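Here are a few exercises to work through with the model open on your screen. Try each one yourself before you read the solution.

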Amino acid sequence: MKIKDIMRNGLITENPVLVMMLGMCPTLAVTTAASNGIGMGLSTTAVLVMSNLFISLLRNIIPDKVRIPAYIVIIASFVTIIGMLLKAYVPALDEALGIYIPLIVVNCVILARAEAFAAKNTPVYAILDGIFMGLGFTIGLTIIAAFRELLGNGTVFGIHVMPASYEPISIFVLAPGAFFVLAMLTAIQNKLGLKSATNKKEDESEGCAGCSGCKPKKKRAKADEKGATAC
């Protein structure tokens, strides 16, 4: 595995928000302002990096039967530390993010990387995966939050961008606005043919490749053609 592959997966091909559509709870809840998106993303990144590191270090010690509870305990420990640091040094951000900081514990992005990557790779690769997956998550949150803040308040990071004549569309900073922006971004991805959870190619199959019923259409057509030729 190469570092550039880990970087590309986290930022582009397996971006947690824009491609895999994981962690939708904080994505939809806290992205009312771009600063909130960055704050939530960086907090999640810190937890992701540290939990990946410890899980990778302990991967040969943690019994397989209790690996998920062990992962959750490790993740919860770092979430508690991050929550205490935010309360102490960034109280405004802590108040803005509210309950969604403790809920990082059950963020499927972190648990998925722990199970799929950190538990199977060395600490160095686990740290890099945590960094780039976290940055991908942060970028996704910030893009959605910037759109919502721009359309809902006419500002980005609190700076007025739209002209004075612009009438803010307040629904974009309310709960439905998150769904609208996410839907628009997904529609753009699908229109451009970019990889996303809602844009699968016709020849992609989630089943096994062991029988003709599960084979992608193109491969199955070739197999049928060969069979006809053989007959």
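**Exercise 1. Find which residues of helix 8 are exposed and which are buried.**

Step 1. Phe-179 and Lys-191 are exposed, on the other side of helix 8 from its buried residues. Exposed means over 50% relative accessible area, buried under 20%, and partly exposed in between (1.4 Å probe, protein chains only). Helices here are DSSP runs (H or I, at least four residues), numbered from the N terminus.

Step 2. Now the buried set: Gly-177, Ala-178, Val-181, Leu-182, Leu-185, Thr-186 and Gln-189. They share one side of helix 8 because they cover an arc of only 165 degrees around the axis, going by the directions from the helix axis to the C-beta atoms.

Step 3. What do they pack against? The buried residues of helix 8 pack against helix 2 (24–29) and helix 7 (123–153), where contact means heavy atoms within 4.5 Å.

A word on the ground rules: this is a predicted model, so local features need pLDDT of at least 70 and side-chain atom pairs pLDDT 80 or more, while totals for chains, interfaces and linings use all residues. Residues are numbered from 1 along each chain as its sequence is written, and side-chain values use heavy atoms, leaving out hydrogens and water.

**Exercise 2. Work out why Cys-25 and Cys-108 don't form a disulfide.**

Step 1. Recall the chemistry: a disulfide is a covalent bond between the sulfur atoms of two cysteines. The cut-off used here is a pair of cysteine sulfur atoms within 2.5 Å.

Step 2. Check the distance. The closest cysteine sulfur to that of Cys-25 is in Cys-108, 9.6 Å away, so it's too far for a bond. The count comes to 0 disulfides.

Step 3. Check the surroundings. Cys-25 is partly exposed at 46% relative accessibility, and Cys-108 is partly exposed at 35%.

**Exercise 3. Trace the salt bridges of Arg-113 and Glu-115.**

Step 1. Set the rule: a side-chain nitrogen of Lys or Arg within 4 Å of a carboxyl oxygen of Asp or Glu. That gives 6 salt bridges.

Step 2. Glu-115 pairs with Arg-67 at 3.1 Å, N to O. Glu-115 sits in helix 6 (residues 108–116) and Arg-67 in helix 4 (residues 67–89), so the pair ties together parts 48 residues apart in sequence.

Step 3. Arg-113 meets Asp-129 at 2.8 Å, N to O. This pair links helix 6 to helix 7, 16 residues apart, and both residues are buried. Shared partners join Glu-14, Arg-113 and Asp-129 into one network.

Technical notes
Helix = DSSP H or I, 4+ residues; strand = E, 2+ residues; numbered from the N terminus.
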